[in-house]
Amino acid sequence: MKRSRINDIMAEADEMIRHYGFVLPPWAYWSPDEFVSRKDEASRVISARNGWDITDYGDGDFDKMGLFLFTLRNGRLDDLQRGGGMCYAEKLLISRQDQLSPMHTHVIKAEDIINRGGATLVVELFGSDADGNFAEDKGGTVYCDGIQRDFSAGEKLKLAPGESVTLMPGDWHAFWGEGGDVLIGEVSTVNDDETDNIFREPIGRFAEIEEDVAPTHLLVSDYRTWLS
C-alpha cells in the first residue's frame, strides 16, 4: 500500500470514529518525530502494540480485502498465563462496504465483535475439526448479546448497530460491511496479531508499504523501524 493512501485512510477513519461519539487517545495524533522523542514515556503503548493498524492482507487491493484497526489497549500475555492482571484488549475497527476480512480463527483470543454504528456487519461462521482446523461441514455455538445461538456451517450472522457476537478460539469467521461502512468494537482477551491470527488461506497480516510520502502517524508495524 502507498503511504499516501494509508494517511488518507487514517483521516477518514478518525472522522468516522468521531461521528459515532468516540475519540482516540492523545498519543494517536502524535507525529512520527514526536513519537520518537517521547518513546520512553510511551514504552507501554509500544510494547503492547497499541495504535494505528491498516492492512490489505498483502493482497494489494484494500477496497476488496482489507481492514482498519486501532488498538486502544492491550494486556500482557504473562498476566493471562498466570490468570490475573491485565488480561484484556480493546480495539476499534472499520469494515467498509463489501470489504472482506478473510476467514480466520485464533488459538488464544476470545473476542466480542460489536457493531458500534453504521451499516450491517455480516459475520460468516464455520466450526473446527477435532484439531482446530477449518471444517467446511461443521457449525457450532456462539452467543449474540449473551443469548445462545447455534449456527450451521457457512451461516452469515447479520449484526445491526448495537448487536454483538462472542467468538471463542476455534470459531472460524470472516466479516464485511453490508449496505455501507461499519464501525466495529472489539473487546477481547490479550491480543497478539503477529502469532494468534490463523488464516484459512496463506496470506499476510500486515501490508507492505511504498513510502511515496511521509507518514502522518506511525502504524504499529512501523514501531520496529522508527522506535527501536
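This report walks through the spaces, salt bridges and a few single residues of a predicted model.

Some ground rules come before the tour. Residues are numbered from 1 along each chain as its sequence is written, and side-chain values use heavy atoms, with hydrogens and water left out. Because the model is predicted, local features need pLDDT of at least 70 and side-chain atom pairs count only at pLDDT 80 or more, while totals for chains, interfaces and linings use all residues.

**Spaces inside and at the surface**

Let's start with the empty spaces. On a 1 Å grid over the protein atoms alone, a cavity is a set of points where a 1.4 Å probe fits but cannot get out. A pocket is an open set with protein on both sides within 12 Å along at least five of seven lines, and lining residues have an atom within 4 Å of a point. Grid points are joined across faces, edges and corners, and a volume is the space filled by probe spheres set on the points.

How many cavities of 30 Å³ or more does a search of the whole structure find? The search finds three. The largest cavity holds about 130 Å³ of space. Its lining has 17 residues, and those nearest the centre are Tyr57, Leu67, Leu69, His104 and Asn197. At least two lining residues come from each of the strands β2 (67-74), β3 (88-95), β4 (101-105), β5 (111-128) and β11 (172-189). Strands (E, at least two residues) and helices (H or I, at least four) are DSSP runs, numbered from the N terminus.

The largest pocket has a volume of about 310 Å³. Around this pocket sit 17 lining residues, with Ser47, Ala48, Arg49, Asn74 and Asn191 nearest its centre. Helix α3 (43-47) and strand β2 each give at least two residues to this lining.

What are the two linings made of? Ala, Val, Leu, Ile, Met, Phe, Trp, Tyr, Cys and Pro count as nonpolar, Asp, Glu, Lys and Arg as charged, and the others, Gly among them, as polar. The largest cavity is lined by seven nonpolar, four polar and six charged residues. For the largest pocket, the lining splits into five nonpolar, five polar and seven charged residues.

**Salt bridges**

Side chains of opposite charge can pair when their charged atoms come close. Here, a salt bridge is a side-chain nitrogen of Lys or Arg within 4 Å of a carboxyl oxygen of Asp or Glu. By this rule the model has 18 salt bridges. Here are three of them:

| Pair | N to O distance | Separation in sequence |
|---|---|---|
| arginine 3 and glutamate 211 | 2.8 Å | 208 residues |
| lysine 109 and glutamate 186 | 2.9 Å | 77 residues |
| lysine 158 and glutamate 178 | 3.2 Å | 20 residues |

Each pair links distant parts of the chain. Arginine 3 is in helix α1 (residues 3-19), and glutamate 211 is in the loop between β12 (198-199) and α5 (223-227). Lysine 109 sits in the loop between β4 and β5, while glutamate 186 is in strand β11. Lysine 158 belongs to strand β9 (residues 155-159), and glutamate 178 to strand β11.

Are these partners buried or exposed? Buried means under 20% relative accessible area, exposed over 50%, and partly exposed in between (1.4 Å probe, protein chains only). Arginine 3 counts as buried because its relative accessibility is 0%. Lysine 109 and glutamate 186 are both buried. Lysine 158 has 49% relative accessibility, so it counts as partly exposed. Glutamate 178, with 32%, is partly exposed.

There is also a network of salt bridges, which links Arg5, Glu12, Asp63 and Arg96.

**Single residues to look up**

Which aspartates have a positive phi although they are not glycines? One is aspartate 98, with a phi of about 60 degrees, in the loop between β3 and β4. Aspartate 98 counts as exposed because its relative accessibility is 52%. Another is aspartate 145, with a phi of about 55 degrees, in the loop between β7 (140-144) and β8 (147-151). Aspartate 145 is at 44% relative accessibility, so it counts as partly exposed.

Finally, find isoleucine 9 in helix α1. Isoleucine 9 counts as buried because its relative accessibility is 2%. From isoleucine 9 to phenylalanine 126 the C-alpha to C-alpha distance is 30 Å, and the two are 117 residues apart in sequence.
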